Amino acid sequence: MTLVSPNRGYLLERIEGDTGTMSWWSGQLTRVHDGLDDLRDAATTATGLPGVGKAVTSVRADAADLMAALAPDIAEAEHLSRVIATYADAYDRYATPANAMIEEIELAHANWAQAEAAADDAGRAALAAAYGTSALAIEVTNALATEAIEARDTAAQTLDALWAEYERHHSGWDAAYGAALAALAAGANSTLTPQERTFLESLLASSDPAEVLRVWRAHPELHDELIAAHPEVIGNLDGIPYDVRGDANRSHLEALLAGDLPADRRDDLEAVMRALNAEGLPRPSLISFDPDGSEQVTAAIAHGDLATASEINSLVPGMNSTVHDLAGWGESARELNASVGPGSATVVWFGYDSPDLLEEPRMGRAIDGAAAFGSYLDGLSALSPDAEINVIAHSYGSTTAAMAIGSQPDGHGVTAFIAVGSAGFPDDETVMHNLSDSRATQVYATISEDDATARIGRATAPGHPVPPEHLPGVTVFDSDGGVSHTGEDLPAATGHGALGPGAYLEPGSESFYNVGEIIRTGEPGTERQGEGSTKGFWDATNWWISDEFELIDF
Amino acid sequence: MSDVEIFYAELQLASSTVDTAITGVLLESADLGAEDTGIGNPASRPALRLALHRHLTGLGEAVRARVEGGSQVSASARRIADRYTDLDVELTGERS
C-alpha cells in the first residue's frame, strides 16, 4: 500500500526523472543554439555580398530573411536549454532527496504502527489489571503501558519529522515542475502581459484539475487572451471546462489546416476534422487535441453533453490505433449513448501514443498513456462530480487504463472499468491490489473464445500478462453470442477487432450489448453460456488451453 | 586581383560558410525528434513531458526550415559564381 503524507497528501512514491538525460538535452540544445548562431553569422556574410545584379540582390534579401527567421529559433533553443537545466537542478535539489527518504519513511511508519499496536496492547493489559486486586500487577502493567506509550510517541515524532522533511522536498519539486511548465508555455518569444503570464503560471502550477478549475474561474477577464495565445495549453489542460477546450481545440485545428502542412500531417488533421464533423446533437466536441506532444497526433472527442451527463463513458483504443480511427469509434460512441439512454455522454479518448507491434509487449506506452488518462479522469471528476464515470477499454487500451485506474485506491473516480479483448493487465502489485475486489471501481471483462491475438499478447508480454478475467472480484461477461432481453440475436465477437463485423464494440454484438447494460444497470445483460452462445476455438474441444480451466493460461 | 575575382571569391566564401554552418546545425539537431528527455511522468504528471516534446518538435521543424533557407542562399550564391563570364554584369550591372 502506498503511504500518503499527512499534511499535503503527497503519495510516497519515487518522483520520476533522470537528471543525466536532462543535462544531456540541456547541453545538446546549447549546441543547437550555437549551430543556429553560426548559421546566422554565415548568413551575415551573404548579406554583405557586393553587386547590383538581380541574382545577388536576391541572395542578399534571402540571407536577410534567414537571419530574421533565425532570431526567434536561437532564442527558443537557448530558452529550452535553460528551462531543462533549471528543472534538472531543482530535481537534484528536491526530488532526489525526497526519493532517498522513501525507504526510511516506510520503515519509520512500520515502527510507529508496531509501537502503536504495542501501546494499545499494553494499555488494555493495564486496564485489565486495574480491575484486579494485585497491586503489583497494576504497578507493573502501568509501567509497561507508560513505556509503550512513550515508545509510540517517540516513533510518531520520528515519523512526523521525516514526513515534514519529505513534504518540504516534495513541495520544492512541485513548485519547480510548475515553474518549468509555465516557462515553456510562456516561451522565449512571449507576447503575454505580466497579468496574463501570472494567470498562466497559476493555472500550470495547480496541483490537480480541481485547482485548475478554481483558478480558471477566478479570472474570466483573461480567458480570451490566454485561449488566443496558447490554444495548445488551454485546450489540453485538465480542469478547464470542456466547452472552452472544445472551442479552443477546434480553432487550433482549423488554423493548422488553413496553413501549409506536410501531406501526412494534413491527412492526420483532416481525419480529426472528419470525426469532429460527424452528426449528433450537441455536435461532437474536440476536448483534447495535441498534434505535437507525442509521436502521433492525439485527440479526444466527446459525443453527448459532458456538462449535463449522468453517465460519462470513455472508450480507450489499443495497439496501432490512430486518429484515422476516430470517426469509426465515434459511431460506436453514439450508439452506446443511444443504448444507455438519456444522460449518457461518451468520449473517444485517443490521448496516448498507442504501441505498434514491436512496442506492444512492453509497458512504456501504457505507463505514459496511464499518466495522461489518469489526469483526464481527474478532470472529469472535477468538472462533473455527480456523474458516474465508466471506462471501456480494448486490447492494449485496457492495459493502459488498468495502469491508470489501478494506480489510485479510489480508481480516479471510475465506477465501472470494462475490459474487452484485454491484452493483459500490468504485472504491478499496487495496480493488482487496487483492482482486485475493489470497493471503488467494479471491473468487468470479456475475451472471445476466438480471440487469439489478446491471448498471444498476454503470453508474450512480461509487463502485462495478467488475465483480467481471473482477478478476484471481476465480473466476467460473454462475447460469444447471445440473445437480448427483447429476443434479438446478439452476434459473437469472432476475433480481436474493436470495430466492424465480429468485433467487440460493434453495435448489436453481445459484447456491445453487455457494455451498455453494465453502464445502465451495473450488470451484464446476458447470462454466461446462455441462450445463443456459440463455441469458439478456445472452447470445450480445446478445454486444456481454455481460460476457464487455466491449465495453460494465455 | 580584379574586382570580379574578388567578387568570385566572396561568393564562394559566402556559399561555403553557409554550407559549413548548415552541416553543423544538421549534426547538432539530429536528436530533436528523440522521445526520452529524462522528464518522465513524475507523480503521474505527463504535462511537462508533453509540453517539452511539443517545443522540441517545433524547434526541429524550424531548424529544418532554416536549413532549407540556408541551402537556397548557398546554392544561389554558388550559381552566380559558377556563371563566371556573367560576374561583371552581376557586380556592376554593366557588360564589359
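**Close-up views of a predicted model**

**View 1. Strands S3 and S4 of chain A pair in parallel.** Strand S3 covers residues 311-316 of chain A, and 5 bridges join it to S4(A). The two strands run parallel. One facing pair can be picked out: Glu311(A) stands opposite Ser344(A) in S4(A). This is a predicted model, here and in every view below.

**View 2. Eight strands of chain A line up in an open sheet.** Read across the sheet, the order is S1-S2-S4-S3-S5-S6-S7-S8. The pairing is mixed. Which strands stand at the edges? They are S1 and strand S8 (475-476) of chain A. Each has a single partner strand, so one side of each is left without a neighbour in the sheet.

**View 3. Strand S2 of chain A has S1 and S4 as partners.** Start with strand S1, residues 285-290 of chain A. There, 5 bridges join S1 to S2(A), and the two run antiparallel. Leu286(A) stands opposite Ile301(A) in S2(A). Now turn to strand S4, residues 344-350 of chain A. Again 5 bridges join S2(A) to S4, and this pair is also antiparallel. Here Ala302(A) stands opposite Val347(A) in S4(A).

**View 4. Strand S2 of chain A is buried along its length.** S2 spans residues 298-303, and 6 of the 6 are buried, so the strand is largely enclosed by the rest of the structure. Which residues point one way from S2(A), and which the other? Thr298(A), Ala300(A) and Ala302(A) point one way. Ala299(A), Ile301(A) and His303(A) point the other way. Both sets are buried.

**View 5. Helix H9 of chain A lies across two strands.** H9 is made of residues 242-258. The strands it lies across are S1 and S2 of chain A. The helix runs at about 60 degrees to S1(A).

**View 6. Ser332 of chain A sits in helix H11.** H11 covers residues 326-340 of chain A. Is Ser332(A) buried or exposed? A residue counts as buried if 20 or more other C-beta atoms lie within 10 Å of its own. Ser332(A) has 24, so it is buried. Set aside its neighbours within four places in sequence. Ser332(A) is then in contact with Leu315(A), Leu499(A), Leu505(A) and Pro507(A). Thr453(A) is 121 residues away along the chain, and the C-alpha atoms of Ser332(A) and Thr453(A) are separated by 22 Å.

**View 7. Helix H12 of chain A is mostly covered.** H12 runs through residues 364-383, which makes 20 residues. From its first C-alpha to its last it reaches 29 Å, close to the 28 Å expected at 1.5 Å a residue. Of its 20 residues, 18 are buried.

**View 8. Chain A meets chain B.** In this contact, 57 residues of chain A touch 52 residues of chain B. The elements of chain A that give two or more residues are helix H1 (19-47), helix H2 (54-100), helix H4 (135-186) and H12. H1(A) gives the most, with 16 residues. By class, the chain A side has 30 nonpolar, 15 polar and 12 charged residues.

**View 9. Domains 1 and 2 of chain A are in contact.** The domain assignment of chain A gives domain 1 (19-182), domain 2 (194-229) and domain 3 (297-545). The C-alpha centres of domains 1 and 2 lie 23 Å apart. Across the contact, 4 residues of domain 1 meet 5 residues of domain 2. The domain 1 side divides into 2 nonpolar, 1 polar and 1 charged.

How values were computed
Residues are numbered from 1 along each chain as its sequence is written. Chains are lettered from A and ligands numbered from 1 in the order in which they are written. This is a predicted model: local features need pLDDT of at least 70, side-chain atom pairs count only at pLDDT 80 or more; totals for chains, interfaces and linings use all residues. A residue is buried if 20 or more other C-beta atoms lie within 10 Å of its own, exposed if 12 or fewer, and partly exposed in between; C-beta atoms are placed from the backbone. Helices (H or I, at least four residues) and strands (E, at least two) are DSSP runs, numbered from the N terminus. Two strands pair if DSSP finds at least two bridges between them. The expected span of a helix is 1.5 Å times one less than its number of residues. Two residues are in contact if their C-beta atoms, placed from the backbone, lie within 7 Å. Ala, Val, Leu, Ile, Met, Phe, Trp, Tyr, Cys and Pro count as nonpolar, Asp, Glu, Lys and Arg as charged, and the others, Gly among them, as polar. Axes are lines fitted to C-alpha atoms, for helices over the stretch in contact, and angles run from 0 to 180 degrees between N-to-C directions. Domain bounds come from an automatic or database domain assignment.
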